[in-house]
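Me: I have a structure open and would like to go through its buried residues, cores, pockets and cavities. Please keep the replies short and end each one on what was asked.

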Amino acid sequence: MTNGDRIPPDPEFVQLLDPDGERVEHPDYSVEFTPDEYRGLYRDLVIIRKLDAEATALQRQGELGIWASLLGQEAAQVGAGRALRPQDMAFPTYREHGILHCRGIDPIMPLGLFRGVDQGAWDSQKHKVHMYTIVIGAQTLHATGYAMGITMDGKVGTEDGEAVIAFFGDGATAQGDVNESFVWASVFNAPVVFFCQNNQYAISEPLERQTRVPLFKRASGFGFPGIRVDGNDVLATYAVTKQALDNARLGQGPTMVEAYTYRMGAHTTSDDPTRYRAGSEVEAWRDKDPIKRMRIFLTKAGIADDDFFTQVDDDAAKQAVELRERVLALPDPGPLSIFDNVYPGGSPLLDEQRAQQERYLASFEGGH
Amino acid sequence: MAELITYREAVAEGIAREMRRDPDVVCLGEDIGAAGGVFKTTVGLFDEFGAGRVWDTPISEQAIVGAAMGAAMTGMRPVAEIMFSDFLACCWDYLANEIPKVRYMTGGQVTVPLVVRTANGGGLGFGAQHSQSVENWALTVPGLKIVAPSTPADVVGLMASAIRSDDPVVFFEHKGLFASKGAPAPPDHVIPLGKAAVRRSGADVTVVALAATVPLALTAAEELARDGIDVEVIDLRCLIPLDMSTVLESVAKTSRLVVVEENPYQGGWGGTVVSVVAEEGFESLDAPIKRVAAANVPLPFADALEEKVIPTVDKLVAAVRTTVAY
């Protein structure tokens, strides 16, 4: 086996804001944001990058077990996250910290998970975000089943209907269950958006080891539309995702969105990408940075000035410091918590083990 | 004294030896090539044997194991890696329904001489879906062989037998042992499957262990020796074939048995071991058998909690003391 040539960016690539911060017109997609909304998107991008960097630093200092950085993928996540309406349900991977931010989930929640003090259990019904799914691709089927469920509940088919979004990466497209979810969503006309962040790598393995056709083109073989968007362009990602979600909520079935982006950092803090990719490639993508282009655009359009950017940076820095302090203050879980939530009402064997553990802990001087 | 090598180096060494010996041996899995494996257990293989024999694959456990079966049917000896043993569940049809039944259902005409290697076990704080000891899953499937080495030399010697086996083998490498060191394997080191090792000879109580619970048992034995309790530690090495004669001989000598296993108590392999002793060695016993196993709960992410769930030296020491005091 040999590696193929890198797949070049496809011309079918929806872009509304180019890497130089120029607004680009597209025949099918546009956005109409107020200045406040534009500034809000910028703020989202900066804050999630800063909090992500703080989490990486905490891991490096031994305060988190592991961290999967979203660095480089901020626009894809903010674009998709802000396109969701309150009633929509999201099924994330373990890297969707930006989606959590957009859904109002306290950033302490994923950090608690990766610090190992709890299972990161935010209220998935309140925030309409399922738990982080670690086993690759499994959530696409969960999303499909959820989408079939809300259809049966009569919550689909109107302008205020519900829609579902499943996040996954380029690597996951090789999994059987992802392809099976495409089949099911298609034949059951499920209101689900398959949002693939193509960040070019499945840990060490480049895109050409995942696919020989552009990923969004896979959708047509399953019988639903696929579209590729510049995943480093928050405006285009928002517009494309919103359209796909609206189609789903109206009962028009699934769409695959391929957000073409780049994982600027390691797969996780356990990974060292210098073993398998060239620094020059990373540098080339740095020029396509999602935050830089928004800043240029906002400045040129007179929507924001340096005072605003400084204020956002300061706010982000302040939130990062607060987050760090809160992470360090998280209490360790109690030893008997290992028996919680295994079964809803306990079980005879488990109850016995709990009692045994209690006796064991009590056998030490001063108890536990 | 010869230079020590790590368990993780022994994995690559064991595979490399067989790849040098037999051109039909190939490797496949995620990130095993240029990246050298996420646990660095395939370092050097890609450089030595090239992309023709070390295949970086897309992320699909089903495809890795299913394709290994197909390749094995052509006479190759694939060594497939499933990164975390928890993900054996993603390819369970192949491991439970297809691979172990090929020989049987073809009337012995077709064999699938493949190895599925996988990083197993906890102790590193990887959470509920990356820390499980799942050797007991495979134990439920007749037709599979199960290897779980505890030392670097055993990794090499058992890898040789696993790859040379004409039957499918699930090879559990323990994540908690990757950094551990031991004597390197001598040249042409081959350990037959199904032969347990007596790691420490003792007169008072038999402790049966596997993989990471072997060093744990040896540590416990040292602690108990200070109180005059003489522990015999048996390293099973394999669950299928299961060397019960070594266990029964030991119990005949010590009259006491404690099993220490990292999989959950419910359905754990210790249940199989003790049931054989109950059936065939009951009259040797002077005390009830004890099992030290993981609690019947998912593994917590928190280091401090994980210790509560899986076996520890303290838990084993307490169990042995109870047995001896009976």
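Me: Is A:Gln357 buried or exposed?
Reply: This is a predicted model, and the values here are computed from it. A:Gln357 sits in helix H13 of chain A. Buried means under 20% relative accessible area. A:Gln357 has a relative accessible area of 11%, so this residue is buried.

Me: Which residue of chain B does A:Gln357 touch, not counting residues up to four places away in sequence?
Reply: Within chain A, A:Gln357 touches A:Leu336 and A:Phe339, again not counting residues up to four places away in sequence. The contact in chain B is B:Lys308.

Me: Which element supplies the largest share of the lining of the second largest pocket?
Reply: This pocket holds about 710 Å³ of space. Of the 21 residues that line it, the closest to its centre are A:Gln356, B:Arg291, B:Val292, B:Ala293 and B:Lys315. Strand E14 (290-294), helix H11 (303-309) and helix H12 (313-325) of chain B each supply at least two lining residues, as does helix H13 (348-362) of chain A. The largest share, 6 residues, comes from H13(A).

Me: How many residues in the lining of the second largest pocket are nonpolar?
Reply: The lining divides by class into three groups. The charged residues number 5 and the polar ones 4. The count of nonpolar residues is 12.

Me: How far apart do the C-alpha centres of the two domains of chain A lie?
Reply: Chain A is divided into domain 1 (35-333) and domain 2 (337-368). The distance between the C-alpha centres of these domains is 38 Å.

Me: Is A:His267 buried or exposed?
Reply: A:His267 lies in the loop between strand E7 (255-260) and helix H10 (279-286) of chain A. Leaving aside its neighbours within four places in sequence, A:His267 is in contact with A:Ala68, A:Ser69, A:Tyr94, A:Arg95, A:Ile203 and A:Tyr276. With a relative accessible area of 13%, A:His267 falls under the 20% limit and is therefore buried.

Me: What is the relative accessible area of B:Val116?
Reply: B:Val116 belongs to strand E5 (residues 115-120) of chain B. Not counting residues up to four places away in sequence, its contacts are B:Val65, B:Ala80, B:Ile82, B:Leu88, B:Leu95, B:Val169, B:Val170 and B:Phe171. B:Val116 is buried, and its relative accessible area is 1%.

Me: What separates the C-alpha atoms of B:Val116 and B:Leu88?
Reply: B:Val116 touches B:Leu88. The two residues are 28 residues apart along the chain. The separation of their C-alpha atoms is 9.3 Å.

Me: Which residues touch the most other members of the largest nonpolar core?
Reply: This core has 84 residues. Its largest share, 7 residues, comes from helix H7 (residues 152-164) of chain B. At least three residues come from each of domain 1 (5-182) and domain 2 (197-325) of chain B. The members that touch the most others are B:Leu236 and B:Val247.

Me: How many residues does the other core have?
Reply: That core lies apart from the largest nonpolar core. Among its members are A:Val129, A:Val234, A:Val257 and A:Ala259. The number of residues is 72.

Me: What is the volume of the largest cavity?
Reply: The structure holds 3 cavities of 30 Å³ or more. Helix H1 (35-60), helix H3 (97-102) and helix H4 (108-115) of chain A each give two or more residues to the lining of the largest cavity. By class, this lining has 9 nonpolar, 2 polar and 1 charged residues. The volume of the largest cavity is about 120 Å³.

Me: Between which domains does the second largest cavity lie?
Reply: The second largest cavity has a volume of about 80 Å³. Of its 14 lining residues, the closest to its centre are B:Glu135, B:His174, B:Leu210, B:Ala211 and B:Glu262. E13(B) gives the most to this lining, with 3 residues. Both domains of chain B give residues to the lining, so the cavity lies between domain 1 (5-182) and domain 2 (197-325).

Methods:
Residues numbered from 1 in each chain as written. Chains lettered and ligands numbered in written order. Predicted model: local features only at pLDDT ≥ 70, side-chain atom pairs only at ≥ 80, totals over all residues. Heavy atoms only, no water. Core = buried A, V, L, I, M, F, W, Y, C linked by side-chain atoms within 4.5 Å. Buried < 20%, exposed > 50% of the residue type's maximum accessible area, 1.4 Å probe, protein only. Helix = DSSP H or I, 4+ residues; strand = E, 2+ residues; numbered from the N terminus. Domains from an automatic or database assignment. Contact = heavy atoms within 4.5 Å. 1 Å grid on protein atoms, 1.4 Å probe; cavity = no way out; pocket = protein on both sides within 12 Å on 5 of 7 lines; lining within 4 Å. Points joined across faces, edges and corners; volume = space filled by probe spheres on them. Nonpolar A, V, L, I, M, F, W, Y, C, P; charged D, E, K, R; others polar.
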